[in-house]
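Open the model in a viewer and keep the sequence panel visible. The stops below are given in the order in which to select them.

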Amino acid sequence: MSVMIDLGDLERNVAQTIADVEGKIRRKAGKSAGFKLGEALEANTPVDASTGKILLEETVTVGAVQDNGDVDVGYGRGAYFRAHVVNMGSEFQSGQHFIEKTVDTEAETVMQEYMEQLKGGLGL
């Protein structure tokens, strides 16, 4: 199960720009943007009301940068299921949709970080 967010023209334009950049620069920029989104996801992860602990925070992971510039950011194997039950809900609880909210609020910031890193790597 995955969550897909459509960013429209912005996503297409950035994807074309990233595809034209050398691998080392693309990987560095992708990792930087991925960690920025990961930090925001950690900050927006819900707190367990009974214990006051953030049970998923330490399991946010940033994957490798793919050839097309995509970076997987999410929860590790141990927390993936728990994160999506809280996010999407179940028969007994309504979803909090914190993953989608994080992507919606941080998309522009993360894209700016990605583009700044690409510009820096290209010397622009």
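Begin with G69, which sits in the loop between strand 1 (60–65) and strand 2 (71–75). The model is a predicted one. Is G69 buried or exposed? G69 has a relative accessible area of 5%, so it counts as buried, the cut-off for that class being under 20%. Show its surroundings: leaving out residues up to four places away in sequence, G69 touches I18, R26 and Y114. Then draw a distance from the C-alpha atom of G69 to that of V21; the two are 48 residues apart along the chain and 9.2 Å apart in space.

Next, zoom out to the whole chain. How many helices and strands does the protein chain have? There are four helices and two strands, and along the sequence they follow the pattern α-α-β-β-α-α. The chain has 124 residues, of which 31% count as buried. Of the contacts between residues at least 6 apart in sequence, 60% join residues at least 24 apart.

Now select K31, which belongs to helix 2. K31 is partly exposed, with a relative accessible area of 30%. Its C-alpha atom lies 9.6 Å from that of G69, the previous residue stop, and the two residues are 38 apart along the chain. Which residues does K31 contact, leaving aside its neighbours within four places in sequence? They are V62, G63, A64 and V65. Strand 1 covers residues 60–65, so these four contacts of K31 fall in strand 1.

Keep helix 2 (residues 23–44) selected and add helix 4 (residues 98–122). Two packed helices are described by the angle between their axes and the distance between the axes. Here the angle is about 155° and the axes are 8 Å apart. That angle makes helix 2 roughly antiparallel to helix 4, since the class takes angles over 145 degrees. The crossing of these two helices is right-handed.

To see the contact itself, colour the two sides separately:

- On helix 2, pick I25, R26, K28, A29, G30, S32, A33, K36, L37, A40, L41 and N44.
- On helix 4, pick F98, I99, T102, E106, T109, V110, E113, Y114, Q117, L118, G121 and L122.

By type, the residues in this contact of helix 2 with helix 4 are 12 nonpolar, seven polar and five charged. R26 and Y114 appear in this contact, and both also touch G69.

Leave helix 4 on display and bring in helix 3 (residues 77–88). How do the axes of helix 3 and helix 4 cross? They come within 7 Å and cross at roughly 80°, and the two helices are therefore roughly perpendicular to each other. Helix 3 contributes A83, H84, V86 and N87 to the contact, and helix 4 contributes F98, I99 and E100. Four of the residues in the contact of helix 3 with helix 4 are nonpolar, two are polar and one is charged. F98 and I99 are on the list for the contact with helix 2 and on the list for the contact with helix 3.

Finish at N87 in helix 3. Its relative accessible area is 0%, so N87 is buried. Show side chains here: that of N87 makes a polar contact with the side chain of E100, at 3.1 Å.

How values were computed:
Residues numbered from 1 in each chain as written. Predicted model: local features only at pLDDT ≥ 70, side-chain atom pairs only at ≥ 80, totals over all residues. Heavy atoms only, no water. Axes fitted to C-alpha atoms, helices over the stretch in contact; angles between N-to-C directions. Parallel < 35°, antiparallel > 145°, perpendicular 65-115°, else oblique. Left-handed = near helix turned anticlockwise from the far one by under 90°. Contact = heavy atoms within 4.5 Å. Nonpolar A, V, L, I, M, F, W, Y, C, P; charged D, E, K, R; others polar. Buried < 20%, exposed > 50% of the residue type's maximum accessible area, 1.4 Å probe, protein only. Polar contact = N/O pair within 3.5 Å; in protein donor to acceptor, adjacent residues only side chain to side chain.
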